[in-house]
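Student: Can we go through this one together? I'd like to know what the labels rest on.
Tutor: Sure, let's look at it first.
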Amino acid sequence: MNVSSPAGTPGLTRELSMELGRVTERAAVAAARLRGRGDEKAADQAAVDAMRAELNRLAIRGTVVIGEGERDEAPMLYIGEEVGTGKGPEVDIALDPLEGTTICAKNLPNSLAVVALATKGSLLYAPDVYMNKIAIGPGYPDGVVAIDAAPEDNIHALAKAKNVPVSEITACILDRPRHSALIEAVRSTGAAIRLIGDGDVAGVIDTTAPEETGIDIYMGTGGAPEGVLAASALRCVGGQMQGRLILDTDEKRARAERMGVEHPEKTYSHLEMASGEVLFAATGVTDGNMLSGVRFTKNYIQTETIVMRSSSKTVREIKARHQDMEKF
């Protein structure tokens, strides 16, 4: 694991960021053909196959550091897999070809195809364990919220920083039994909660545009790989995020050690989880708070994608109509 900040790489260009959007578009369309069909594995595999094919067209020397599993789980996009043409910048890749497989299978909101690309050695090599997370969007002083603070204190601090009553704050939390105490604590302040069934990458990203999504803060535990993807998005647009790995068994601690985690109790900021130059792209598979899902019509396929670039703090929202439907 390397969480130092390498020098910017000229190869992470605006053109490459746009090509990265094509990667998530292809994966999203492939998964969307199977949404609502109840087959999570088939939808996930379709997204994986489409994303791999498109990644291999990029002029990069890429290594998957956050992926679908270990090498012996191929044909998934496994950790350590090399992608790209072998020419161009050497980069780390974090990806989730279908974030929210259950969401897609049930055709529920906020399923995405997601990928982040960063200068080599700059992404946290997070094992597939839970991570405790807290995130807010841009525009607040540093340290407004903290992972070790009581939920009530974080809600009140955020309301004060936003200069609104607590009743105007909405927290996004995964709907899990493990969050019952957290949910009770947040509701005790008078703040609102939006519970989500899956898809906590989308939950974190939603904090970056609360006026559009209605989400001010993300709280709770979710997947550590998803935490790195979400941190990559925040690197591009601003905001604050803290995460701590939950290594509560010997097997998990051993797995983290094999991946280079030197300090198991460390609290990581988003600047440490994604420390270098970053490109990020996400395309809606199903309708969500920020992105609409794939639309299939008689004459074209429509997608909505968000593409971000940390070096310029640029966010592009791309609503595309793909009339050459055979290419999808």
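Tutor: In an unreviewed entry, UniProt lists Glu99, Gly100, Thr101, Tyr130, Arg176, Pro177, Arg178, Asp198, Gly199, Asp200 and Gly223 under "binding site". From this set, Glu99, Tyr130 and Arg178 are among those in the lining of the largest pocket. This is a predicted model, where local features need pLDDT of at least 70 and side-chain atom pairs count only at pLDDT 80 or more, while totals for chains, interfaces and linings use all residues. Residues are numbered from 1 along each chain as its sequence is written, and side-chain values use heavy atoms, with hydrogens and water left out.

Student: Why is glutamate 99 called buried?
Tutor: Its relative accessible area is 2%, and buried means under 20% (exposed is over 50%, partly exposed in between, with a 1.4 Å probe and protein chains only). So glutamate 99 counts as buried.

Student: Why does tyrosine 130 count as partly exposed?
Tutor: Tyrosine 130 has 41% relative accessibility, so it falls in that in-between class.

Student: What makes the link between the side chains of tyrosine 130 and arginine 178 a polar contact?
Tutor: The rule asks for a pair of N or O atoms within 3.5 Å; within protein, one must be able to donate a hydrogen and the other to accept it, and residues adjacent in sequence count only if both atoms are side-chain atoms. Here the contact is 3.4 Å, so the pair fits the rule.

Student: Which residues does tyrosine 130 touch, leaving out those up to four places away in sequence?
Tutor: Among them are Arg178, Gly223 and Arg244, where contact means heavy atoms within 4.5 Å.

Definitions and conventions: UniProt positions are given in the numbering used here, feature names are shortened, and annotations may be inferred rather than shown by experiment. On a 1 Å grid over the protein atoms alone, a cavity is a set of points where a 1.4 Å probe fits but cannot get out, and a pocket is an open set with protein on both sides within 12 Å along at least five of seven lines; lining residues have an atom within 4 Å of a point.
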